[in-house]
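Me: I have a structure to go through with you. Can we take it in short questions and answers?

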Amino acid sequence: MNAFVADKALAPAGEPESAEREVLLRVDNVSLAFGGVKAITDISFDIRKGEIRAIIGPNGAGKTSMLNVINGFYHPQQGTITWQGKVRRKMKPYEAASRGIARTFQNVALFKGMTTLDNIMSGRSLKMHRNFFWQLLWRGPAEREEIEHRKKVEDIIDFLEIQAIRKTPVGRLPYGLQKRVELGRALAMEPDLLLLDEPMAGMNLEEKEDMSRFIIDVNQEFGTTIALIEHDMGVVMDLSDRVVVLDYGKKIADGPPEEVQASQAVIDAYLGVSH
Amino acid sequence: QDSNYVPLLTYRTGPYAGSGIHIANGMHDYLKMLNERDGGIGGVKLALEECETGYDAQKGVECYEATKGKGALVYNPYSTGITLQLIPKAGVDKIPVLSMGYGLSAAADGTTFPWIFNVPDTYWDGASVVIKYIGEQEGGLENLKGKKIGYIFLDAGYGREPIPLLEQLAEKYGFELLQYPVPGAEMQNQSSQWLNVRRDRPDYMVMWGWGAMNPTAIKEAVKIRYPMDKFIGVWWSAGDDDAAAGGQDAKGYKALNFSGVGREFGALDDIQKHVIDAGLSTTDPETIGGTLYNRGVLNSVIIAEGIRTAQELTGKKAITGEDMRLGLEALNLDEARLKELGLEGFAHPMKVTCEDHAGGHPVFIQEWDGQEWQQASGWIEPMTDVVRPLLEAAAKEYAEKNAPWPERTEPCPN
Amino acid sequence: MLYDIFIDPFVQMYQMPDFFLQVLWEGFVAGILYALIALGFVLIFKASGVFNFAQGIMVVFAALTLVGLHENGVPAFLALILTIAVMGVLAYGVERVVMRPLVNQPDIILLMATIGLTYFLVGFGEFVFGGEPKRMITEELGLPTGSTAFEMGERGLVILQHIDIAAAVIAVIMVTALGIFFNKTRIGRALRAVADDHQAALSVGISLNQIWAIVWFAAGLVALATGIMWGARSDVSFALEIVAFKALPVLILGGFTSIPGAIVGGLIIGFGEKIGELYWGGLVGGGIESWLAYIIALVFLLFRPQGLFGERIIERI
Amino acid sequence: MFYREAGQFKTSYKSDQALFPILQDRIGMIAILLIAFVLVPAFANDFFLTSIMIPFLVFSLAAIGLNVLTGYCGQLSLGTGAFMGVGAYAAYKLTSIFPDANVIVMVLVSGVFSAAIGAVFGLPSLRIKGLYLAVTTLAAQFFLEWCFIRIPWLYNYNASGAIEVPHREMLGVVITGAEATPIARYFAVLSITALIAYLMANVLRGRFGRSWMMIRDMDIAAELMGIRPLRTKLMAFAVSSYICGVAGAMMVFFWLSAAEPSSFNIRLSFQILFMVILGGLGSLGGAFMGAAFIWILPVFLKFIPGIMGFNVAAETVQHATFMIVGALIIFFLIAEPHGFARLWQIAKQKLRVWPFPY
Amino acid sequence: MALLDMEQPGSQSAAEPAEEILSVNNIEVIYDHVILVLKGVSLTVPKGGIVALLGANGAGKTTTLKAVSNLLGAERGEVTKGKIIFEGEEVQALSPNDLVRRGCIQVMEGRHCFGHLSIEENLLTGAYTRKDGYSAVKADLELVYEYFPRLRERRQSQAGYTSGGEQQMCAIGRALMSRPKMILLDEPSMGLAPQLVEEIFEIVRKLNQNEGVSFLLAEQNTNVALKYATYGYILESGRIVLDGEAKALRENEDVKEFYLGVGGEGRRSFRNVKHYKRRKRWLA
Ligand SMILES: Nc1ncnc2c1ncn2[C@@H]1O[C@H](COP(=O)(O)OP(=O)(O)OP(=O)(O)O)[C@@H](O)[C@H]1O
Ligand SMILES: Nc1ncnc2c1ncn2[C@@H]1O[C@H](COP(=O)(O)OP(=O)(O)OP(=O)(O)O)[C@@H](O)[C@H]1O
Ligand SMILES: [Mg+2]
Ligand SMILES: [Mg+2]
């Protein structure tokens, strides 16, 4: 559909059912507590390659904490995390990033003093290598590298339709656009696993639709596995392949959206009657 | 040009203002008085301009650069730091620097430092007088053997300057030199230094302090009950405010001095009459006659006499920096002249020569009686025999380190 | 060498117990005095998140006003009251001219503004009072000036200055009062809220103007107390401003936001600095006091980045 | 209307990423360079060169250095003065150990030493943040200042404890020492400052600049994007200290020609910090504007009464200068907390929409 | 636009001017002296009404609310034209503190809890301006805990460490603690679980009916907002483009398509969104 997406191998043609796909990340018996507060209690689930995995649950259920555990920002007291078949030791967030896990944040965590373009370029940090002396000179290799990556970033900008704000400092952007830039920044990392924490909070319908479109495109044409936290059930139901439901640190359901939606435990804990 | 331009680098602000203000007042008032009373020197008025340095080297250099183009005759930096910066420039710009009783001791060697003057004495002269005086108290220099002499000093170029001489004397006379540096930022917080003094129990304490360091040290000494009569400061630790901080308890504290004590001098009366009463100065009349004020006056006397001598030598009325140097090198402030100036007994007669820009003049000791300073000794000659060779060696070393150091252009006549 | 570092100092402490006690006392006093300065910083920081660099100059300014008024013939206690009034005016002015327009700005901007204020006060203070050092009117204010010596052993002597004891008492009273004020009252809570988020504090109806005026006034009073105590030790002059830097390690050690932290930090620094200087300083030529405090603080910080009693730095995404 | 990008189309990313993508800016820059390299030396007198231009350039460079650390990487430092001192002492030692080497080269090399020391003092920044870090950089300030006093080797055991700049020539022209003409020294300072400013502009728009800004804006997020915080911060400390070191060396070699340890005291650190903040954090141009304001304004104020023919006491001028500078600092912070650089941008923005108000 | 304007000129607002608690007249807001954000916004909130302010990202909803509660100063923004009247007084002349005292409080977008204070202390700061004694405050605290049981569980935790949703509850609870006459709610539903969103709006309704509190709420969740509101305004790029009774808005075709997501054939699936730029009819 555009250069950026076409650039990478497309998802396998005859999509196998998500349950049969290879496991990309497995969380086994993870528990995490802060002092007396148990944020996560003995949770296990997996994320398979190429799927959109939703994580839902009431406020304070431990969803964000779960993402933090996955990308190394929190270290669980118990349990293991297996990434691409290998059990992962305790690791630093930047190591997670270099192994292909990117994310967006619940409270937008853009680099406020930088422009949209620079923010997205920053996603490419791990992929740029010219050393300091080339940077000093600029002309030559450093510049070439910069331009090469700039092209990739421009593709993302086109894809997300944010050309107009390319040179705007992100601090001044309205919330919805900030979320979009944040997605762009995560995409620029070309991750294997993309963690999205409430990407559509504070958006109106139209923007949610746009965002959904982007997520689906990224997932389908780019083959990126996505873990998604969202409170809008419409979005969760429509987009996700499988849903895991947390409630105050415990897992109360796990399965395809329809199944989860019908589960009484989920309705009681989270959805409420009207849904 | 019908005036002689004398810029005054002063500091009435900043952490050292406490000492700087009195000096500045003294310097300014005397020269101003000459203008008012005599219409200047040799019939030519003095153009005075104060430039505030705040005792800060950067600002000092800035003042220098800003004023040197106006035909400055001489600079009095009143800061060892600024003096050091000006030393190399003086030769290039051909403007003498008069660092009266401070600055680089080695600069007394006029053959190496033709443009720098530190009459009447260098720090090394001062330090030697202190040791000599202590020796006298102990009944002879040979009795210093085994004694402990503590040296508390402002930890900057200024305070460290006398150390080489003190070390040499320590070796020579067999006393132990204990050093207590006071960092500039800690001037008002000297309890550690004085605790150390208390532990080490030195027989005498010598102080090279400035600004707020002095009163603090005197208070601390009182606090640890150090015998005040064994505590001797350099001439820059001799301010009225310095000793007054200790009040009655500071009784017995001594300091070196080379300028007059008190205000019973004709010139000071003239200042009162022509300058203060005429409202031409901001000086608080009560401070006239204070040690530092008088020091400032003496500084201006030397400037004025330098100008006068230069006028005589060159026959010009408005002179240049180069003429000024000639004047200073031929300076001869003898008793008769002092009397003429209304300053009899204000200072020891001084004479500058081409080789010796300091002169190693005698100094006296003054003592705080709880109310004011009293002269406590006669004039004491510095140990020129020790000091002079050290000076020459240091001057040589300086020239070597800063090679190629410009040779003196017109050799000394002898 | 190793002996000098590890054994000799302790031998000395043992051999001269009176001296060691004196060192401890000096450390204690220094600590209390640092704590007094630090307290002023903590007050303002806690209540507005502003690191008030001008605290040092406020100390000088308060003391100068007091002494300056007295020099001009105002009786000591009237001068004290007038000085308090002046500090009130200053607080109001600062709130009006500096803080109010800079609401909701980043820390560093506010920090800079207080440095600007420092410049202004230095210029203004010297303009009004001149640069000469002045003597603190300790006796006139009824503060004790004498000293008491305790004999220990044959030659031993421990000297306690009465003014130092007074300083300690005043410091303890102020810390207790402020501690109660901050933690137990409605305004105290509001102050802490303001420090967290100016805008949110505005939105719940906390009047920043009023709060800032109060806090700056309180800091002014602390500055006055500090100025009197420091002035009694040395003289009142602008050189005193530099002493304020000594409060910074105390501050980070105790934690910017903690009132008891100021005292505990002050004491740790005071003791550490004096003992370090007197027993180890000589090994490297002395004068290590100028940075030892910072190094002590730094070491503590490496283990507790928010200082001993500081509020945890919230890191969350 | 006067300041318009309209009609200037960028056809390649290369031209879009140029230092001055807009024609007017390029012209402006060329004009500034022309003035600096041709007009100033042609017309300025000694006082203007030695007391205004040279210190201004030296401080600008130091401000660039601090800006890298504080403005770009967000690590507040109050130790700039000491890092400048390291550069100065290193340059002094280098020139006395290698008397025949080119002094410009020595000045540039001296920065390496302050870079190393800066990096060491940057180590705590991994754990210590914000104002806490600022205060710990004071440890560097006081410790280094103490070293300058207590390690006589650093000042070649000079009795004065000060370092004095030796006489050195380059291409037959005396450029350091008392005989160096202001013009020669001015050119040395100008060239070094311009060169380093240019090189830094390159670094700052590339990946290093970005990674610093990432740490500044949100260190946690930066780490989650693969930035190694310690390495990045240390890099910033090193680069910043390098530049400050070179500035310090220039300060002594081309401006003061002698220096005591107190030349590098905490006041210098504050002065530079002021320049950075008033100029605008995270802006190279701002560093120059800030330096101009903080350095030139007081010099200027000092001479106003004289020029206007008033006879005001020197200390009153000084007091007034303090008050005015303090008040102006507050005024400008209130007017625009993001500094002159932002004011300039807003001015450009206004020009763009002129004659409409917005 | 006129077509939708259900409010007959003269009938309500002019005849009974005392009825409106807040009126915003043609205000213009500029940030940083150059960024013009609101270009003439007017709206009124009747006493005891719930008015919704809808609009896309960046339309200026937050800015409008901040203008009303006089918080723009802290963002370097200013109202350059127009007037805002709250209960007959001009807002621009009042400080935020005065406004809260007079009963107008804002729940800021993006939570803005006091990170270092515990949840309970956060709630208590909400009662800062109250003068009716500790027991009354205490009772209200209980009430808030009643509304948000989760907060009771976390009452001792530092707010900075609580989850996004918990902070949102805390922010709303804090505003309730001041016993306001009017609450400006900025995106109350953001980041809250669906169940809670309903609950919050139920609380809004309860307060409105039982205590007569008026609401001005900026909300992206148009569905819920229009369900509970009595009147709505739609803001686009700093201008009011549509306003009317909530019911009427719900029926409006454009609103349906763009804000409610119900096209002709019921709810669209997010999976099948077409990728094209649609044009809003009212912009044509
Ligand atoms: N402090 C500021 N400085 C400059 N521009 C700002 C500032 N705050 C907001 N803006 C701009 O004002 C416009 C309106 O912003 P506002 O936050 O009011 O929108 P909003 O309708 O609340 O959007 P959202 O739904 O995303 O919260 C946006 O374009 C934004 O970029
Ligand atoms: N660093 C921390 N320290 C203390 N408590 C924490 C920390 N991080 C999370 N918690 C607590 O753990 C629980 C889970 O928080 P988390 O942010 O994961 O919730 P969530 O599911 O993302 O909720 P929401 O939907 O509201 O964002 C919360 O009660 C929170 O207060
Ligand atoms: Mg969350
Ligand atoms: Mg908003």
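The turns below cover the ligand sites, a cavity and some single residues of this predicted model.

Me: Between which chains does ligand 2 lie?
Reply: The shell around ligand 2 counts 22 residues. Among the closest are Lys63(A) and Arg154(E). The full set of chains with ligand 2 between them is A, C and E.

Me: Which helices each supply at least two residues of the shell around ligand 2?
Reply: The closest residues include Thr64(A), Ser65(A) and Gly165(E). Chain A and chain E each bring a helix that supplies at least two shell residues. These are H2 (63–70) of chain A and H6 (164–176) of chain E.

Me: How far is a polar side-chain atom of Arg150(E) from an oxygen atom of ligand 2?
Reply: Backbone atoms also approach ligand 2. A backbone N or O atom of Ala61(A) is 3.2 Å from a ligand 2 oxygen, and a polar backbone atom of Tyr161(E) is 3.1 Å from an oxygen of ligand 2. For the side chain of Arg150(E), the distance is 3.0 Å.

Me: How much of the accessible area of ligand 2 does the protein cover?
Reply: Ligand 2 on its own has 630 Å² of accessible area. Its shell has five nonpolar, 11 polar and six charged residues. The protein covers 97%.

Me: Why is the site of ligand 1 shared between chains?
Reply: The shell around ligand 1 has 19 residues. Arg172(A) is among the nearest, as are Thr62(E), Thr63(E) and Glu109(E). The site is shared because the residues around ligand 1 come from chains A and E.

Me: Which element gives the most to the shell around ligand 1?
Reply: Helix H7 (175–188) of chain A supplies at least two residues, and so do strand E2 (35–46) and helix H1 (61–68) of chain E. The top contribution is three residues. That element is H1(E).

Me: How far is an N or O atom in the side chain of Gln220(E) from an oxygen atom of ligand 1?
Reply: Chain E has several polar atoms here. A polar backbone atom of Ala59(E) lies 3.2 Å from an oxygen of ligand 1. A polar side-chain atom of Glu75(E) lies 3.2 Å from a nitrogen of ligand 1. For the side chain of Gln220(E), the distance to a ligand 1 oxygen is 2.7 Å.

Me: How much of the accessible area of ligand 1 does the protein cover?
Reply: The shell has seven nonpolar, seven polar and five charged residues. Ligand 1 on its own has 630 Å² of accessible area. The protein covers 84%.

Me: How much space lies in the second largest cavity?
Reply: The structure holds 13 cavities of 30 Å³ or more. The second largest has a volume of about 110 Å³.

Me: Which residues lining the second largest cavity are closest to its centre?
Reply: The lining has nine nonpolar, three polar and two charged residues. Of these 14 residues, the closest to the centre come from chains B and D. They are Pro88(B), Asn402(B), Trp405(B), Ala178(D) and Glu179(D).

Me: Is Lys89(B) buried or exposed?
Reply: Lys89(B) sits in helix H3 (residues 80–93) of chain B. Its side chain makes a polar contact of 3.3 Å with that of Ser257(D). Its relative accessibility is 6%, under the 20% cut-off, so Lys89(B) is buried.

Me: Is Glu187(E) buried or exposed?
Reply: Glu187(E) is in the loop between strand E7 (182–186) and helix H7 (194–211) of chain E. Its phi is positive, about 50 degrees, although it is not a glycine. With a relative accessible area of 3%, Glu187(E) is buried.

Me: What phi does Arg225(B) have?
Reply: Arg225(B) lies in the loop between helix H8 (213–223) and strand E8 (231–233) of chain B. At 43% relative accessibility, it counts as partly exposed. Most residues other than glycine have a negative phi. Arg225(B) has a positive phi of about 60 degrees.

Me: Which residues are joined by a cis peptide bond with omega of about -10 degrees?
Reply: Most peptide bonds are trans. The cis bond leads into a loop residue, Pro120(B), between strand E4 (116–117) and helix H4 (123–137) of chain B. The joined residues are Val119(B) and Pro120(B).

Technical notes: Residues numbered from 1 in each chain as written. Chains lettered and ligands numbered in written order. Predicted model: local features only at pLDDT ≥ 70, side-chain atom pairs only at ≥ 80, totals over all residues. Heavy atoms only, no water. Near = heavy atom within 4 Å. Polar contact = N/O pair within 3.5 Å; in protein donor to acceptor, adjacent residues only side chain to side chain. Areas by Shrake-Rupley, 256 points an atom, 1.4 Å probe, with all protein chains shown as cover. Helix = DSSP H or I, 4+ residues; strand = E, 2+ residues; numbered from the N terminus. Nonpolar A, V, L, I, M, F, W, Y, C, P; charged D, E, K, R; others polar. 1 Å grid on protein atoms, 1.4 Å probe; cavity = no way out; pocket = protein on both sides within 12 Å on 5 of 7 lines; lining within 4 Å. Points joined across faces, edges and corners; volume = space filled by probe spheres on them. Buried < 20%, exposed > 50% of the residue type's maximum accessible area, 1.4 Å probe, protein only.
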